[in-house]
Amino acid sequence: MASRSALSISEKKSILADYDKLPEKTNQRLAAQQLGIPQSTLNKLLKSRNEINDCTESQNRKRKRESKSKATDEALFVWFKQASAMNAPINRSILMAKANDLAKKMGEINFNATDGWLTRWKDRHNIVYKKLHGEKQDADASGTDFWIKTTWPTILNKYAPENIFNLNETGLYYRATPDYCMGLKNATASAGKKNKARITLALTCNMTGTVKKNIKNLT
């Protein structure tokens with residue numbers, strides 16, 4: 001396997017900027033997958049965030065340069081615009097795989113799409129990582145305060161904590177596409193029509209946390 005080239009300061013800052021745009025509670029494993037980089041790389045970047053932010057590009061040994069594979073560079077950008085026009089969600093992993101595929105078809109045998117190459121490609125074409133705009137649904141919290149003040153005390157008086165269970169249903173959209181993708185900086189990212197194929201999960205646990213159950217596929 002070819003070794004990865006070292007990331008420049010601007011590339012590290014770009015990845016950290018993309019990471020900051022992810023939902024607040026996204027764990028590192030999922031974040032690394034969405035950013036298309038190894039989790040170990042993301043972990044190192046987060047630990048050295050302050051040092052990276054304090055660095056200037058002049059302190060970095062790598063110089064920003066034009067792509068040596070201009071044909072692949074331009075072909076990937078053409079493909080990217082076509083895929084974006086069809087509202088296809090695109091992330092780093094997809095772009096790197098497509099770049100390698102295009103390079104192979106164009107006879108650039110020694111080409112290898114690395115994290116560094118992709119970051120420079122994004123900078124050249126003004127592409128950023130952004131959240132898709134899709135359908136919104138507000139949580140229905142009506143009556144919650146009233147129930148807590150009136151019904152909940154009655155339940156506590158009748159049953160022991162280990163015999164009080166809470167059950168919640170949630171939908172798992174197992175064919176849903178990602179909420180984030182690569183897009184042109186000044187363009188609106190549209191999610192298009194979402195695939196709403198789903199199953200319903202029921203999760204239940206008693207008040208003391210000693211009994212937990214996962215009831216799958218209630219639909």
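Reader: Which residues do ring pairs link into a cluster?

Author: In this predicted model, ring pairs join Phe77, Phe80, Phe111, Trp117 and Trp121 into a cluster. Residues are numbered from 1 along each chain as its sequence is written. Local features need pLDDT of at least 70, side-chain atom pairs count only at pLDDT 80 or more, and totals for chains, interfaces and linings use all residues, while side-chain values use heavy atoms, with hydrogens and water left out.

Reader: How many aromatic pairs does a search of the whole structure find?

Author: A pair of aromatic rings is described by the distance of the centres and the angle of the planes. Rings of Phe, Tyr and Trp (its six-membered ring) pair if their centres lie within 6.5 Å; planes under 30 degrees apart count as stacked, over 60 as edge-to-face and the rest as tilted. The search of the whole structure yields four aromatic pairs. In one of them, the ring centres of Phe77 and Trp121 are 6.5 Å apart and the planes stand at 70 degrees, so this pair is edge-to-face. It links distant parts of the chain, with Phe77 in helix H5 (residues 70-85) and Trp121 in helix H7 (residues 115-125), 44 residues apart.

Reader: Are Phe77 and Trp121 buried or exposed?

Author: Buried means under 20% relative accessible area, exposed over 50%, and partly exposed in between (1.4 Å probe, protein chains only). Phe77 has 14% relative accessibility and therefore counts as buried; Trp121, at 0%, also counts as buried. The rings of Trp117 and Trp121 have centres 6.4 Å apart and planes at 20 degrees, so that pair is stacked. Both Trp117 and Trp121 lie in helix H7, four residues apart, about one turn of the helix, and both are buried.

Reader: What pattern of helices and strands does the protein chain follow?

Author: Helices (H or I, at least four residues) and strands (E, at least two) are DSSP runs, numbered from the N terminus. The protein chain has eight helices and five strands, and along the sequence their pattern is α-α-α-α-α-α-α-β-α-β-β-β-β.

Reader: Which residues of H1 are buried?

Author: Helix H1 (residues 9-20) contains twelve residues and spans 16 Å from its first C-alpha to its last, close to the 16 Å expected at 1.5 Å a residue; the expected span is 1.5 Å times one less than the number of residues. In H1, the buried residues are Ile9, Glu11, Ser14, Ile15, Leu16 and Asp18.

Reader: What share of the residues in the protein chain is buried?

Author: Of the 219 residues in the protein chain, 31% are buried.
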